[in-house]
Amino acid sequence: MSTRPSTWNVPASRVAKNAHNPIRQIVDKLKVDPNAEKDLISLALGDPTVFGNFNVDDSCNEAVIRNLQTFKANGYPPAHVLIMLKSPGTEQARAAVAEKFNHPDSPLTARDVILANGCSGALDLAINVLCTEGQNMLIPRPGFSLYENLAVSRFIEAKFYNLVVGDSYFNPERSWEADLEHMESLIDDKTACILVNNPSNPCGSVYSEQHLRDILALAEKHHLPIIADEIYCDLVFKGNHFYPMATLTKEVPILSVGGLAKKYLVPGWRVGWVTVHDRNGILKEVHEGILNLSQLILGPCSIIQAALPDILHNTPQEFHDKTIEQLEVCEMAYSLNTKISEEGISQIPGLTAVVPQGAMYMMVGVNIADFKDIKDDVEFTQKLVAEENVLCLPGQCFGYPNFFRIVITPPADRLKEAYERMKQFCARHHV
Ligand SMILES: Cc1ncc(COP(=O)(O)O)c(C=O)c1O
């Protein structure tokens, strides 16, 4: 006897219902008026290509065109196996990633690399392979919202460890370090892994070697693997240094995730990777597990995979240097630093910028008590866009109220204009 319902009833799955993006509800409140008097300046989107001042290097374009014209990169990657059981990417592309990130203290071979659809896809693989429904993972707050979304959609609890603002002027290199005591207090029997994002979105922080070692010591004490989100690797400003986490430990197993999006300025090309750092065979099953997961959905576009060896190995260093110089100009000149620039955002009464050391972002604190008619960061950004057509994401999008995040990739004159508008806005609303 069929127990089928007698009328239509087609619900969404349990996973789909849980896969909401909490940022959406906040962002939906930020209404951009298409008829506003002033033109829109969006400091909201972490896509460096939108203003046209950060462009992919010609050599990368040429590598794609060359591979397109061979007619050899149009098939399912990897195309050389007759029966595709696992789909971690083509051997050449994986070897190119392994060679690029190989380090004497964290050696890699092509086998340790799994290509994915952007770094988001790599995070999806890493979380999926390490965490099971009912477990929890430790995530930074403030942090990139995708971590929580991916975890929660799979019924994995997201537990947030605090990052501490610190004294950004006198000790900027220590800003947004993880509160290790808090992190340790969250660990329990169900904790599956710790996620560390360095350099950070939304903070723009770059961790010292010592701080990374301290996190690793905690992970080692509790036998927890780490997911190291290093998508902003090497995007660090003068005086700072990026340490790949896997190079600092011989004990803690690490899944590093990265991709082309930010460093090569091509987020739309959707190529990312997981690199498995497992010197002691601890991740044997996990490694096999990622390969299993990779067969569910084929990895990134065949053309970009074919071009990957050229992109990773033949992009001139001057291209990367120029990207950093451009970011530094934006950061120094207009964004923030009271000590360097009279025009810094922190000169605006009511706002305090936290000096970034890398990536493409800066967090700005809003001293709510200084404003007569603004109750929190969401209202601040709502009114800012309504009155001045400057769009920023409120800190609540990153789990961190009473801050807002600025993307520092717009051209300097746009940032300067945004700064001027913020100044006028704050003057109007200040007590
Ligand atoms: C910290 C962080 N991780 C991962 C990603 C996702 O990168 P992709 O565009 O390659 O999926 C982003 C994108 O903004 C990010 O900021």
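# Exercises on a two-domain predicted model

The area buried between domain 1 and domain 2 comes to about 3,100 Å², and carbon and sulfur atoms give 63% of it; buried area is the accessible area (1.4 Å probe) that two parts lose on being put together, summed over both. The model is predicted: local features need pLDDT of at least 70, side-chain atom pairs count only at pLDDT 80 or more, and totals for chains, interfaces and linings use all residues. Residues are numbered from 1 along each chain as its sequence is written, and side-chain values use heavy atoms, with hydrogens and water left out.

## Exercise 1. The two domains

Task: State how the protein is divided into domains, and how far apart the C-alpha centres of domain 1 and domain 2 lie.

Solution. Step one: domain 1 covers 20–55 + 318–429, and domain 2 covers 58–314; these bounds come from an automatic or database domain assignment. Step two: the distance between the two C-alpha centres is 27 Å. Step three: domain 1 brings 40 residues to the contact and domain 2 brings 35 residues, where contact means heavy atoms within 4.5 Å.

## Exercise 2. The interface

Task: Identify the salt bridge between E328 and K238 by its distance, and describe the side of domain 1 that touches domain 2.

Solution. Step one: a salt bridge is a side-chain nitrogen of Lys or Arg within 4 Å of a carboxyl oxygen of Asp or Glu. Across the interface of domain 1 and domain 2 the rule finds one salt bridge. E328 and K238 form a salt bridge whose closest N and O atoms are 3.3 Å apart.

Step two: on the side of domain 1 that touches domain 2, at least two residues each come from α2 (22–27), α11 (317–335), β10 (351–353), β11 (361–366) and β14 (403–407). Helices (H or I, at least four residues) and strands (E, at least two) are DSSP runs, numbered from the N terminus. The largest share, seven residues, is supplied by α11.

Step three: this side of domain 1 holds 21 nonpolar, 14 polar and five charged residues. Here Ala, Val, Leu, Ile, Met, Phe, Trp, Tyr, Cys and Pro count as nonpolar, Asp, Glu, Lys and Arg as charged, and the others, Gly among them, as polar.

## Exercise 3. Helix α6 and residue I227

Task: Explain why helix α6 is described as largely enclosed, and name the residues that I227 touches.

Solution. Step one: buried means under 20% relative accessible area, exposed over 50%, and partly exposed in between (1.4 Å probe, protein chains only). Step two: α6 (residues 145–153) is largely enclosed by the rest of the structure because seven of its nine residues are buried. These are S145, L146, Y147, N149, L150, A151 and S153. Step three: they pack against α1 (14–18), α2, α5 (118–130), β3 (136–141), β6 (191–197) and β7.

Step four: I227 lies in strand β7 (residues 226–229) and counts as buried, at 0% relative accessibility. Leaving out residues up to four places away in sequence, I227 touches L123, A126, I127, L130, M137, C193, I194, L195, V196 and L255.

## Exercise 4. Backbone features in loops

Task: Locate P142 and P202, and say whether F71 is buried or exposed.

Solution. Step one: P142 is in the loop between β3 and α6, and the peptide bond from R141 to P142 is cis, with omega near 5°. Step two: P202 is in the loop between β6 and α8 (209–221); the bond joining N201 and P202 is also cis, with omega about 20°. Step three: F71, in the loop between α3 (58–69) and α4 (91–101), has a positive phi near 60°. F71 is exposed, with a relative accessible area of 69%.
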